[in-house]
Amino acid sequence: MRDRSNMGLKLHLVLFYTFLYVPILVLMALSFNRAGLPTVWTGFSLEWYGKLFTADPILLAARNTLIVALISTVLATIFGTLLAVGVETRHNSSVLDAVLFAPMIIPDIVLAIALLSFFTLLNMTLGLHSIILSHVVFNIAFVVAVVRTRMRNFDHSILEASADLGASEFTTFRRILLPAIAPGVIAGALLSFTLSVDEFIIAFFTAGAGQSSTTLPMQIYAMIRFGVTPEINAMATIVMFVSFTLVFFAQRTDKEVFSR
Amino acid sequence: MTNRLKSVILLGPGLGWLALLMVVPCGLIFTYAFFERGIYGGIDHVFTFENFVRATDPLYLGIFLRSAKIAFLTTIIAILIAYPAAYAITLAPRRWQTGLLILVILPFWSNYLIRTYAWIVMLNREGLINNTLQGAGLIDEPLSLLYNNFAVIVGLVYNYTPFVVLAIYSSLNRINVETIEASEDLGAPAWTTFHRVILPQTVPGIAAGGVFVFVLSIGNFITPDLLGGGRLQMVGNLIYDQFLSARDWPFGATLSMFLIAIMMGLLFAQAVLANRAAGQRGQD
Amino acid sequence: MTNKFTNSFRLPFAWLTAGAACALSAFAGAAQAEKIVISNWDGYMPPDLLENFTMETGIEAELSVHGTNEEIMGKVVAGGGKGYDVLFVSSPFAEALNNLGLVAAIDHDKVPNASNLYDEAKELAHDPGNNYSMPYAWGTTGLCYRSDLMPEPTSWNDLLKPSDDLKGKVTMLSTDRWLMGAAALALGKSLNDTSDETLAAAKDLLVAAKQDLLAYDDATFYLKLVSGEATMVHAWDGWCNYGIGENADIKYTIPSEGSDLWVDALVIADASENKDAAHAFVNYVLGADVGVWVASNILYKTPNKAAMEALDPSLIETFPNMGMSPADLTKYEQLRDLGNGQKPFARTVTEIMAAQ
């Protein structure tokens, strides 16, 4: 019985990955499209890869996107995890819940205009840093939500036991609590990185003027009017390929180092 | 360390961030709801309740209800797909799990717009799916898969299911395999084990994942525009248009406040139900 | 057990932290130099324009990109236009920005190249005398269709009330002003009429038309003609030309009731701290060479007489609408900022989009 249901689950997982990757294969195929059309196939060409490496704005935008996503993910993961622990272990209130839900619900355009007006009021110079400040706002909410699911039903007596055994607060946090909630933290970090990489409106409004704080989604949306060319598909293909390789090798190294 | 200091360390940075960069700026925008739109956009500082009266028009409620329906369907489908996938990942050897999880999210490090274009290539009448089905002789006439609610739901499910997988994985992984084995050793059928032991413990994960899909779907406007052919407006679109096309910030702010109030209500109801479900199932 | 699985997470985390550290250092290195910033759609000016401009004038210039008029307008209103020097926007937006006091008056002594413009382009309805804006490109909105699959359409009603074989094979622009424009033209009304009767009639017409559409499409409509998904689309002339470039059976026509005259313009941000340099940029863009580039690469007409006269005649053969004279173009009404009419107008559009 169990084996059979496990087989079923495995099959479901395979189908699920197929569902996720088929559009990506289409997207990759389009990066070899001869004509500069985003949805109509016209023949094979490597032209767009060549163009990509000379397209400074796209490369710069990709770099900016990575900077924004990485830094805002790290900050949101740290603050969000602390918040989730704090809320679940000591201060559970509906006002707090509302504040933590809010960034998910507030329409992006409202947050975007609110933040730009606010930064303008403070006479702050805009740039990548202001996008990062803004992305952390919604990323925190998602990290908190994921980590909290893991904190639920968490056996708080373990923490007390640890304290009774003389462990410092910090040690308890690092050695007992953090390992127990690690999958939630990882899931939250992945979630916020993904949201940040794709976010357009808030980034557009809070970015400084100029190429130096243009992110990839901003660059791509600005291309719509005069043609989103397969250069973007080529860019995405390379991103996929590099990430895939990194994951693969991380997994390999992981195995060699840790599975003794 | 005093209790108070601990609270400050845990809650301070996150809440401080949200207070300064969300509560204050958005609070300022929401005061616009009480003023009039300037002739050319911007704000005329004339106090009025007109925007609130206008927002109660059934027209706007109708848009909310219709987009909530789409978002709800998307949420249900996403959970049904994500749950077994997340469960299967937790059954894989530990050292593979992070890798499998990253593989779930990896496609979404490409760009939303070009992913959506890829779906157009797949779904249109001359597209990949229709050609494949016709080639296999399964259909004679191409199916209308694009520019309708079906396409919108497919697009939303595609983009947001991975978030549900992450949320459910986060709660599933916690479950001690021993409790499952204990249940089986006691002769419980697989379904009972799932229903009585596993499911109750993962309710928070399902709830969180469901909330992600629902709020992200209802606020989305690229998918309804491109895959739905712009026929169905989502709430996100309505509010976006007030701020940008109509340049009516006061009304945009009012609609946003209504949306936030309704969604908060739904979320609290959901949280209460989820807590109760988790509590009850876990006890009986 | 706990230990084993923290370990399996440790590595990706270490990479993330290392990545963030690298990113931070790269970020700290980005210093701001004195320069002007231009906001434009991506690909709407020659790729080497900024470089050539700097070579010729010694002024550093940087490009910032926007996706739509609405976005850059929203950003300039919320941020006071700080950081920007020159903006490319369509004329109703230029007009609104001017009314809000966000753009600067143009000093004609600093823009000698304005003499390259057609006389008609100096007296455009939104800004007669080019007091605050300089036109960059202009054109019409009409019907783009597959001449191998249907006869030439002659009326806006061919789009709004399509014949049976065209049902589900047509698309319309969903950007509010152009969507409503099609109905206003079909009704014989002004494009800027926001009276209750006109709005109500336009609404009825457009709600009925919605049933027969394949989709609303503002960005990829010409691709739908190329792929054969659509037979006729509501289109801006230049974008129809992209379709014509892929398939010579695609043709562009202006229905008998007429079109709007759309104008994309350059404005100087009032917040600009370097208005002399901004003027120098506007002047540079009005040179004939830039106009020639726009016409031959973007396939838009430009109001730049010197440029249009220098154009390769074969271009007009392939894309007949490129040959339209300024006198013919300026027959059409321009979209203007609606002022107080914006509120009922926006409501009508919302009702149309929300209709089932």
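Visitor: In chain C, what share of the contacts with a separation of 6 or more joins residues 24 or more positions apart?

Guide: Contact here means heavy atoms within 4.5 Å. This is a predicted model, and in its chain C such pairs, 24 or more positions apart, account for 74% of the contacts with a separation of 6 or more. For chain B the corresponding figure is 67%.

Visitor: Which single residue could I click on to see this in chain C?

Guide: Try A183(C), which sits in helix α6, residues 176-186. Its C-alpha atom is 9.9 Å from that of L159(C), and the two residues are 24 apart along the chain. Setting aside neighbours within four places in sequence, A183(C) touches L160(C), A202(C), L205(C) and L206(C).

Visitor: Is A183(C) buried or exposed?

Guide: Buried means under 20% relative accessible area. A183(C) has a relative accessible area of 0%, so it is buried.

Visitor: And how do the two chains look as wholes?

Guide: Chain C has 356 residues, and 60% of them are buried. It holds 15 helices and ten strands, and its C-alpha atoms fill a box of roughly 70 × 65 × 45 Å along the principal axes. Chain B has 284 residues, with 60% counted as buried. Its secondary structure consists of twelve helices and two strands, and its C-alpha box is roughly 75 × 70 × 35 Å.

Visitor: How much of each chain's accessible surface belongs to carbon and sulfur atoms?

Guide: For chain C, carbon and sulfur make up 51% of an accessible surface of about 13100 Å². For chain B, they supply 67% of about 11000 Å².

Visitor: Where can I find a nonpolar patch on the surface?

Guide: Look at L121(A), L122(A), V24(B) and L28(B), which make a nonpolar surface patch of about 370 Å². L28(B) belongs to helix α1 of chain B, residues 3-31. Patch members need over 30% relative accessible area; L28(B), at 37%, is partly exposed.

Visitor: How should I read a charged residue that is buried, such as R37(B)?

Guide: Begin by looking for a partner of opposite charge. A salt bridge needs a side-chain nitrogen of Lys or Arg within 4 Å of a carboxyl oxygen of Asp or Glu. R37(B) has no salt bridge, and the nearest side chain of opposite charge, D248(B), is 4.8 Å away.

Visitor: What does the side chain of R37(B) reach instead?

Guide: Backbone oxygens are the place to look. One is that of A246(B), at 3.4 Å; another is the backbone oxygen of G339(C), which lies 3.4 Å from a polar atom of the R37(B) side chain. R37(B) itself is in strand β1, residues 36-37, of chain B. Beyond neighbours within four places in sequence, its contacts include D44(B), R247(B), P250(B) and Q342(C).

Visitor: R247(B) is on that list of contacts. What is notable about its backbone?

Guide: Most residues other than glycine have a negative phi. R247(B) is not a glycine, yet its phi is positive, about 50 degrees. It lies in the loop between α11 (235-243) and α12 (249-283) of chain B, and it is buried, with a relative accessible area of 7%.

Visitor: Where in chain C could I look at another positive phi?

Guide: Go to N130(C), also not a glycine, with a positive phi of about 50 degrees. N130(C) is placed in the loop between α4 (91-99) and β4 (133-146) of chain C. With a relative accessible area of 4%, N130(C) is buried.

Notes. Residues numbered from 1 in each chain as written. Chains lettered and ligands numbered in written order. Predicted model: local features only at pLDDT ≥ 70, side-chain atom pairs only at ≥ 80, totals over all residues. Heavy atoms only, no water. Patch = residues over 30% accessible without salt bridge, like charges linked within 9 Å, V, L, I, M, F, W, Y side chains within 5 Å. Areas by Shrake-Rupley, 256 points an atom, 1.4 Å probe, with all protein chains shown as cover. Helix = DSSP H or I, 4+ residues; strand = E, 2+ residues; numbered from the N terminus. Buried < 20%, exposed > 50% of the residue type's maximum accessible area, 1.4 Å probe, protein only. Lys, Arg positive; Asp, Glu negative; His and termini not counted. Polar contact = N/O pair within 3.5 Å; in protein donor to acceptor, adjacent residues only side chain to side chain.
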